[in-house]
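The following exercises concern burial, salt bridges and nonpolar cores. Each task is followed by a solution in steps.

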Amino acid sequence: MALGLAAATITGGLLVQPRSTDQDLAATPAPLSTERITPRTTPPSSSHPVDAGAAITAAPSTTSGEDSPTATSPTGHSRSDAEINGWNIDYFEGFDTSLEELGWEHYGWGNPEVGHGAMGVMSDKNTFVQNGELIVRTEYKDGKWHAGGTSTEKVFTASRGRWEVRARFPRAKGIGYAFLLWPKDQGWPPEIDFAEGRVNGPEIMGTYHWDSDNKQDHKFVDHEDLGGWHTYGAIVEQDHIIFTLDGKEWGRIDQPNITDTQMFCGFQTGAMDPNGKEGHTETVDGGVPGALTPPVSDIQIDYVAHYTRS
């Protein structure tokens, strides 16, 4: 799906390609490994030491900065609410003003086709701030689907470190999403997708793309409460990437020389076409709104934060 950033998975996820290349990211990828993981409720084993701060192993808490806010917490968290022991926040956005004032971009100028298994067009009107939240909307209007996307590209990029995004998802069959890190210089790969799938879940996929032949490693977790408020994140270090849910590790990719390129954080959606190339995966029934897919589906994002180790 051409959603303004890029992700090239082969597991029925959201397929996108960069804005500034004709590269065919849907081509047969290099060999990859996959693993399904149940979210951790106890500290990781000593065979994979994490040392990622208390947020990786501690129980969730709504009063301590040691963990990401839980699903029962209301929206409108501040920078202090996002603090994590052992980490310093060097970027925080809580969406108290418009995207234009924040300097964030809208994907979809000129309403380009989404493509790559999704229906309709990208619309710059489908990302906006409302009631202190970033809204990334998928909407059916005027006889076609309109998808949304935005990123930190114009305001913040980072080399490695930790990203946390507090978000909740709508109930809508066949609506795809991706939260990902994309290189500032547009030189793909690398790419890190730290939450990708369908808004209904329960499966969430994390992916790392690297090397010119697009090597990939994928991790999967089932999460039954995408409709609640949770934090989704990634810790990017020299020799590993940790995917997190509410501050706890759910997947880990170990590779030497993980990319240190400057990367920005992006968000995008799309309505998957039952007659398209991803028709073998979860799609919108009949390609139009119905009992299981409303005409408007909003991903709500409370904040986006980046951290460096203390």
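**Exercise 1.** Does Lys215 count as buried, partly exposed or exposed, and at what relative accessibility?

*Solution.* The model is predicted: local features need pLDDT of at least 70, side-chain atom pairs count only at pLDDT 80 or more, and totals for chains, interfaces and linings use all residues. Residues are numbered from 1 along each chain as its sequence is written, and side-chain values use heavy atoms, with hydrogens and water left out.

Step 1. Buried means under 20% relative accessible area, exposed over 50%, and partly exposed in between (1.4 Å probe, protein chains only).

Step 2. Lys215 has a relative accessibility of 28%, so it counts as partly exposed.

**Exercise 2.** Identify the salt-bridge partner of Asp211 and the network to which Asp211 belongs.

*Solution.* Step 1. A salt bridge requires a side-chain nitrogen of Lys or Arg within 4 Å of a carboxyl oxygen of Asp or Glu. By this rule the count is eight.

Step 2. Asp211 pairs with Lys215, with 3.1 Å between the closest N and O atoms. Asp211 is at 41% relative accessibility and therefore counts as partly exposed.

Step 3. Salt bridges link Asp211, Asp213 and Lys215 in a network.

**Exercise 3.** Describe the salt bridge of Asp298 and the surroundings of Ser297.

*Solution.* Step 1. Asp298 and Arg137 form a salt bridge through their side chains, at 2.7 Å from N to O. This pair joins distant parts of the chain, since Asp298 is in strand β21 and Arg137 in strand β8 (residues 133-141), 161 residues apart. Strands here are DSSP runs (E, at least two residues), numbered from the N terminus.

Step 2. Both Asp298 and Arg137 are buried.

Step 3. Ser297 also lies in strand β21, which spans residues 296-309. Its relative accessible area is 3%, so Ser297 is buried.

Step 4. Contact means heavy atoms within 4.5 Å. Beyond neighbours within four places in sequence, Ser297 contacts residues including Arg137, Val136 and Pro170.

**Exercise 4.** Which residues have the most contacts inside the largest nonpolar core?

*Solution.* Step 1. A nonpolar core is a set of buried Ala, Val, Leu, Ile, Met, Phe, Trp, Tyr and Cys residues joined through side-chain atoms within 4.5 Å.

Step 2. The largest core has 46 residues, and Phe179, Phe267 and Ile301 have the most contacts inside it. Another core, of ten residues, lies apart from it and includes Ile84, Ile242, Tyr303 and Ala305.

Step 3. In soluble globular proteins, nonpolar side chains tend to be buried together.

Notes: Helices (H or I, at least four residues) and strands (E, at least two) are DSSP runs, numbered from the N terminus.
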